[in-house]
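Open the model in your viewer and keep the selection tool at hand. Each stop below gives a selection and says what to look for.

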Amino acid sequence: DNMDFFKETGIPTVLISHGYKGAVSYIDIENDAAGAMAAEHLIACGYRRLAFVGGFREELVRQRLAGFERTLQERGLPMREEYIWYGDYSLQNGYQAMEHLLSLPEPPDAVFCCSDNSALGVYQKAAEQGIDVPGQLGLVGFNNDQSSSLPQINLTTIAQPADQIGKLAAKMILDMAEGKGHPASPQKMLLYPELIVRSTTRHS
């Protein structure tokens, strides 16, 4: 929200995760590829009714959904409108999303969440209903939060290369401060995410 101010004052600025419409240096991941990666893994594990639990209706979520939806279409599977849910990135949002999905005449058998927090909410609601994860429900999160690797959860997730992003952002800022970068020619860098397979999806 403060990007216009930074540009007017000439303060060197790098965004991590790109949402600003104007010209600015940024580092992000291939969000489209992340969505495709989640869908490909779930399909390979034998799931066929795939749902998408996004966060806010922002560009990165739209990109993840685009990759997710395209992969389903390529595999001959429908992306049902009622299987798409938006909200925020909280555990509560995932819980509410799962409540909605379970109320459908034909609930999904797999869910991709745009945050690990939301995935934990989905997991909690599934557990309350006696749904076996990963036997009856496949679940993939996003971020590889520290809690996702706890033995009680062991969540399959999409990881961002956080250390690499931080180092590259720092280098960009230093280069700009030393006059090696110019706001008129912003640097744009996209990094590839990584699928970390744990216990909330079947073996493919």
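This tour of a predicted model goes through one helix, a neighbouring helix and a loop residue.

**Stop 1: the helix α3.** Select residues 59–74, which form helix α3. The helix has 16 residues and spans 22 Å from its first C-alpha to its last, close to the 22 Å expected at 1.5 Å a residue. Now show the side chains of L60, V61, R64, L65, F68, T71 and L72, and mark G67; these residues of α3 are buried. Look down the axis of α3: the buried residues fall within an arc of 160 degrees, so they line one face of the helix.

**Stop 2: what that face packs against.** Add α2 (31–44), β3 (50–53), β4 (84–85), β5 (110–113) and β6 (138–142), against which the buried residues of α3 pack.

**Stop 3: α2 against α3.** Hide the strands and keep the two helices. How do the axes of α2 and α3 cross? They come within 6 Å and cross at roughly 40 degrees, which makes α2 oblique to α3. The crossing is right-handed. On the α2 side, select the contact residues, among them N31, G35, A39 and I43; on the α3 side, select their counterparts, including L60, R64, G67 and T71.

**Stop 4: the end of α3.** Step to G76, just after α3, where phi is positive at about 75 degrees.

**Stop 5: Q152.** Select Q152 in the loop between β6 and β7 (156–159). Is Q152 buried or exposed? Q152 is exposed, with a relative accessible area of 61%. Finally, draw a distance from the C-alpha of Q152 to that of H41: the two atoms are separated by 22 Å, and the residues are 111 apart along the chain.

Definitions and conventions:
Residues are numbered from 1 along each chain as its sequence is written. This is a predicted model: local features need pLDDT of at least 70, side-chain atom pairs count only at pLDDT 80 or more; totals for chains, interfaces and linings use all residues. Side-chain values use heavy atoms; hydrogens and water are left out. Helices (H or I, at least four residues) and strands (E, at least two) are DSSP runs, numbered from the N terminus. The expected span of a helix is 1.5 Å times one less than its number of residues. Buried means under 20% relative accessible area, exposed over 50%, partly exposed in between (1.4 Å probe, protein chains only). The arc is that of the directions from the helix axis to the C-beta atoms. Contact means heavy atoms within 4.5 Å. Axes are lines fitted to C-alpha atoms, for helices over the stretch in contact, and angles run from 0 to 180 degrees between N-to-C directions. Angles under 35 degrees count as roughly parallel, over 145 as roughly antiparallel, 65 to 115 as roughly perpendicular and the rest as oblique. A crossing is left-handed if the near helix is turned anticlockwise from the far one by less than a right angle, and right-handed if clockwise.
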